[in-house]
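Thanks for coming. I will take a few places in this structure one after another, starting inside and ending with the backbone.

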Amino acid sequence: MPLRLYNTMSAQVEEFHPLHDNEVRMYACGPTVYDYGHIGNFRTFIAVDMLQRFLKQSGYKLRYVMNITDLDDKIIRNAARDGVSVQQYTAKYQKAFLEDSAMISIEHPHLVRATEHIPEMADFVAKLVEKNVAYRTEDGSYYFRIASFPRYGKLSKKDFSEMRSGTRVDVDEYDKDSARDFALWKAPKPGEASWETIVGPGRPGWHLECSVMSMEELGETFDLHAGGEDLIFPHHENEIAQSESATGKPFAHFWFHSRFLLVDGDKMSKS
């Protein structure tokens with residue numbers, strides 16, 4: 001029986017077919033380990049787990065990768081507040097995620113962590129600068145130039161034709177209706193964790209992390225990218241822009257997004 005899924009990119013239910021023979025390369029955005037997970041988070045992880053189980057049961061050879069975001073604005077801020085390293089701060093939340101996943105019988109994918117791929121992320125930034133789709137600011141940060149990617153908005157179906165060129169945003173989460181040049185690499189601030197790299201000291205932006213890790217593990221174009229619907233914009237939109245600008249190839253063939261868990265009509269979140 002063919003697998004039919006709603007593809008966010010086409011906004012249609014489509015029959016899923018892998019790009020190469022019987023092999024499926026699949027990437028899912030995993031937890032950001034700045035706090036304990038909740039059942040809203042795990043609704044997405046269960047949906048993705050059911051999908052990967054079905055693919056394997058259907059006879060596909062599956063390469064399934066999920067990231068653990070162990071480096072973002074909240075983690076940096078909280079680690080500095082507590083006077084510990086990023087790795088020390090996130091260790092207990094990573095452990096809790098794995099324990100909670102096991103408790104509800106989620107099968108573990110191949111896990112990749114942002115902090116283990118910093119040099120590769122810096123190399124990616126340098127590549128985007130060479131292609132003139134990214135630029136360095138006076139403080140040593142790097143931003144992606146959205147105006148250089150005319151198809152920006154193709155996943156979220158948002159119209160950004162009126163956006164102002166050159167406006168920047170350096171936080172990982174921002175207004176869902178705002179399109180601005182986004183941070184690829186963030187220069188260090190006093191007291192923040194940073195790494196020395198070929199593009200200077202600092203740390204990667206959240207969107208950059210997933211592009212680099214997914215392509216390292218699965219290739220420049222892979223079969224299926226999954227995540228929660230809150231990631232469609234800006235996170236996945238930004239992943240597409242920077243990845244396709246770097247490679248000149250389609251990033252992911254198929255986009256699968258799970259819906260929010262609603263409580264009294266509102267999205268469940270950590271807050």
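When I say that two residues touch, or are in contact, I mean that they have heavy atoms within 4.5 Å. Please also keep in mind that this is a predicted model.

Let me begin with the core. The largest nonpolar core has 76 residues, and the members that touch the most others are Met 26, Leu 55, Phe 144, Leu 184 and Leu 224. Take Leu 184. Residues up to four places away in sequence aside, Leu 184 touches Val 125, Leu 128, Ala 134, Tyr 142, Tyr 143, Phe 144, Arg 203, Pro 204, Gly 205, Leu 208 and Gln 242.

Gln 242 is on that list, and I will stay with it. Gln 242 sits in helix α6, residues 232-247. Is Gln 242 buried or exposed? Its relative accessibility is 0%, so Gln 242 counts as buried, the limit being under 20%. What does the side chain of Gln 242 reach? One partner is the backbone oxygen of His 207, at 2.7 Å. Another is the side chain of Ser 211, through a polar contact of 2.9 Å. Beyond four places in sequence, the contacts of Gln 242 include Phe 124, Phe 144, Phe 182 and Leu 184.

Helix α6 also holds Pro 234. The peptide bond leading into it from Phe 233 is cis, with omega near 5 degrees. For context, most peptide bonds are trans.

A second buried residue is Ile 68, with a relative accessible area of 0%. Ile 68 belongs to strand β4, residues 61-68. Setting aside neighbours within four places, it contacts Pro 31, Val 33, Gln 94, Phe 97, Leu 111, Val 112, Arg 113 and Ala 114.

Now the surface. Ile 46, Met 50, Met 103 and Ile 104 make up a nonpolar patch, with about 410 Å² of accessible area together. Ile 46 lies in helix α1, residues 39-57. With a relative accessible area of 35%, Ile 46 is partly exposed, because that class runs between the 20% and 50% limits.

Last, the backbone again. Most residues other than glycine have a negative phi. Asp 21 has a positive phi of about 45 degrees. Asp 21 is in the loop between β2 and β3, and at 76% relative accessibility it counts as exposed. Lys 157 also has a positive phi, of about 65 degrees. Lys 157 is in the loop between β7 and β8, and at 45% it counts as partly exposed.

That is what I have; questions are welcome.

How values were computed:
Residues numbered from 1 in each chain as written. Predicted model: local features only at pLDDT ≥ 70, side-chain atom pairs only at ≥ 80, totals over all residues. Heavy atoms only, no water. Core = buried A, V, L, I, M, F, W, Y, C linked by side-chain atoms within 4.5 Å. Buried < 20%, exposed > 50% of the residue type's maximum accessible area, 1.4 Å probe, protein only. Patch = residues over 30% accessible without salt bridge, like charges linked within 9 Å, V, L, I, M, F, W, Y side chains within 5 Å. Areas by Shrake-Rupley, 256 points an atom, 1.4 Å probe, with all protein chains shown as cover. Salt bridge = Lys/Arg side-chain N within 4 Å of Asp/Glu carboxyl O. Helix = DSSP H or I, 4+ residues; strand = E, 2+ residues; numbered from the N terminus. Polar contact = N/O pair within 3.5 Å; in protein donor to acceptor, adjacent residues only side chain to side chain.
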